[in-house]
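I opened a fresh notebook page for this one and kept my entries short. Come along as I look things up one by one.

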Amino acid sequence: MKSNSSTLIKLLVLGCLSVVCVAEDFDFFYFVQQWPGSYCDTKKSCCYPTTGKPAADFGIHGLWPNYKDGSYPSNCDPSNPFDQSEISDIRSSMQKEWPTLACPSGSGIEFWTHEWEKHGTCSESVIDQHGYFAAALNLKKKLSLLQALESAGIQPNGDSYSLGNIKDAVKSATGFTPFIECNVDESGNSQLYQVYFCVDTSGSDLIECPVFPHGKCGSQIEFPSF
C-alpha cells in the first residue's frame, strides 16, 4: 500500500509539474512603446524606414514575456522563425504602429524578426505569431499614450516636465502605473524615451506591474519633438 501511495504521489507531482510547464512559461508581458523623437535625438541618431518618416506618435518596441523575479526568457524556439506571410493582413498597420528607426533604413522585417524570435517565441504556448503581433497593435490602440499626455498639457515640444506629472497623467488616463525609461540627448539631457505597461499572459488585459525594470530618470525630463 505504501509503495502504491508513493507512486500515486509521484504521478501527481509529475502531472502538476507538466501542467505548470505548459501553462506558465512566463508570468506577464511588458508592453513597451518608444517615443521616436527621443530615439532619434541621441549621438547615434536614426534612420527613417523605407516607407517614410513615421507619424509623431509613440511606436511599439515590443511585447516581452517576463518573470516576476525581474528576469525574462528569450530565444525560446529556434524552430519557429518569423514568417512574414503570417502577418500579411496586418502588415500595413505594423508599418505604421511598429516602425523601425534603426540604421540603415529598413522595411521593418528585420525589427519584427528580432522581436518575434527573441521575445515572441517565449509566449508561443499562449498566442501564435499572428496573435502576438495583433495583440501588440490592440494594446497600442487601447492605451492612446500620446493623447493621454497631451490631454494633461504634456506636449512633445522640447520642454521639460516633471517625471511625477508624466506618470500621473498616464495612470489617470489608463488606470495603470507605467514605468518610464529615459535616455539622453546629444547634450546629455534626460528625455522621455520608453513607456512600459504590464499585461497578463493572454496578451490582452493590462495589469499592475509585479516588478519594474531597472533604471531611473531625472525628476525633470524633456519631451522632444519629432
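**Entry 1: E115**

I started with E115 and asked how much of this residue can be reached from outside. E115 has a relative accessible area of 1%, so I wrote it down as buried. I should say early that I am reading a predicted model. Next I looked up where E115 belongs, and found it in helix 4, a helix that covers residues 109-118.

Which residues does E115 contact, leaving aside its neighbours within four places in sequence? I noted H61, G62, W64, W98, G120 and Y132.

**Entry 2: the annotated residues**

I checked the UniProt record next. Its unreviewed entry lists H61, E115 and H119 under "active site". I wondered how these three lie in space, given that they span 59 residues in sequence. No two of their C-alpha atoms are more than 11.3 Å apart, so I can say that they gather at one spot. Of these residues, H61 is included in the lining of the largest pocket.

Then I turned to H119. I found H119 in the loop between helix 4 and helix 5. Is H119 buried or exposed? With a relative accessible area of 5%, H119 is buried. Not counting residues up to four places away in sequence, H119 touches L63, W64, P65, H114 and Y132. I marked W64 and Y132 in my notes, as they appear in the list for E115 and again in the list for H119.

**Entry 3: aromatic rings**

With Y132 on my page, I went looking for aromatic pairs. How many are there? The count comes to 15 aromatic pairs. One of them is F28 with Y30, an edge-to-face pair with 5.1 Å centre to centre and 90° between the planes. I looked up burial too, and both F28 and Y30 are buried.

Y132 has its own ring partner, W116. I noted this pair as edge-to-face, at 5.4 Å centre to centre and with 70° between the planes. The pair links distant parts of the chain, since W116 is in helix 4 and Y132 is in helix 5 (residues 129-143), 16 residues apart. W116 is buried, and I found Y132 buried as well.

Which residues make up the aromatic cluster? I listed F28, Y30, W64, F179, Y196 and F212 as one cluster. I also found a charge over a ring: the charged end of K53 sits over the ring of F226, 4.7 Å from its centre.

**Entry 4: strand 5 and its partners**

Y196 from the cluster led me to strand 5. This strand covers residues 190-199, and nine of its ten residues are buried, so I noted it as largely enclosed by the rest of the structure. I then went through its partners in turn.

- Strand 1 (residues 28-34) pairs with strand 5 in the antiparallel sense over six bridges. Here V32 stands opposite Y196.
- Strand 4 (residues 179-184) runs antiparallel to strand 5 and is joined to it by six bridges. The bridge partner of V184 is S190.
- Strand 6 (residues 206-207) also runs antiparallel to strand 5, with two bridges joining them. Across this pairing, C198 stands opposite I207.

I looked at the turns as well. Strand 4 and strand 5 form a hairpin with five residues between them, and G188 in that turn has a positive phi of about 90°. Strand 5 and strand 6 form a hairpin with six residues between them, where G203 in the turn has a positive phi of about 80°.

**Entry 5: backbone details**

Last, I looked for backbone angles to write down. Where is there a cis peptide bond? I found it from C103 to P104, with omega near -5°. P104 is placed in the loop between helix 3 (91-97) and helix 4.

I also noted positive phi values in residues other than glycine. N75 has a phi near 45° and is found in the loop between strand 2 (59-66) and helix 3. S144 has a phi near 45° as well, and S144 lies in the loop between helix 5 and helix 6 (145-151). I looked up the accessibility of S144 to finish: it is partly exposed, with a relative accessible area of 32%.

Methods
Residues are numbered from 1 along each chain as its sequence is written. This is a predicted model: local features need pLDDT of at least 70, side-chain atom pairs count only at pLDDT 80 or more; totals for chains, interfaces and linings use all residues. Side-chain values use heavy atoms; hydrogens and water are left out. Rings of Phe, Tyr and Trp (its six-membered ring) pair if their centres lie within 6.5 Å; planes under 30 degrees apart count as stacked, over 60 as edge-to-face and the rest as tilted. Buried means under 20% relative accessible area, exposed over 50%, partly exposed in between (1.4 Å probe, protein chains only). Helices (H or I, at least four residues) and strands (E, at least two) are DSSP runs, numbered from the N terminus. A charge sits over a ring if NZ of Lys or CZ of Arg is within 6 Å of the ring centre and within 35 degrees of the ring normal. Two strands pair if DSSP finds at least two bridges between them. UniProt positions are given in the numbering used here, feature names are shortened, and annotations may be inferred rather than shown by experiment. On a 1 Å grid over the protein atoms alone, a cavity is a set of points where a 1.4 Å probe fits but cannot get out, and a pocket is an open set with protein on both sides within 12 Å along at least five of seven lines; lining residues have an atom within 4 Å of a point. Contact means heavy atoms within 4.5 Å.
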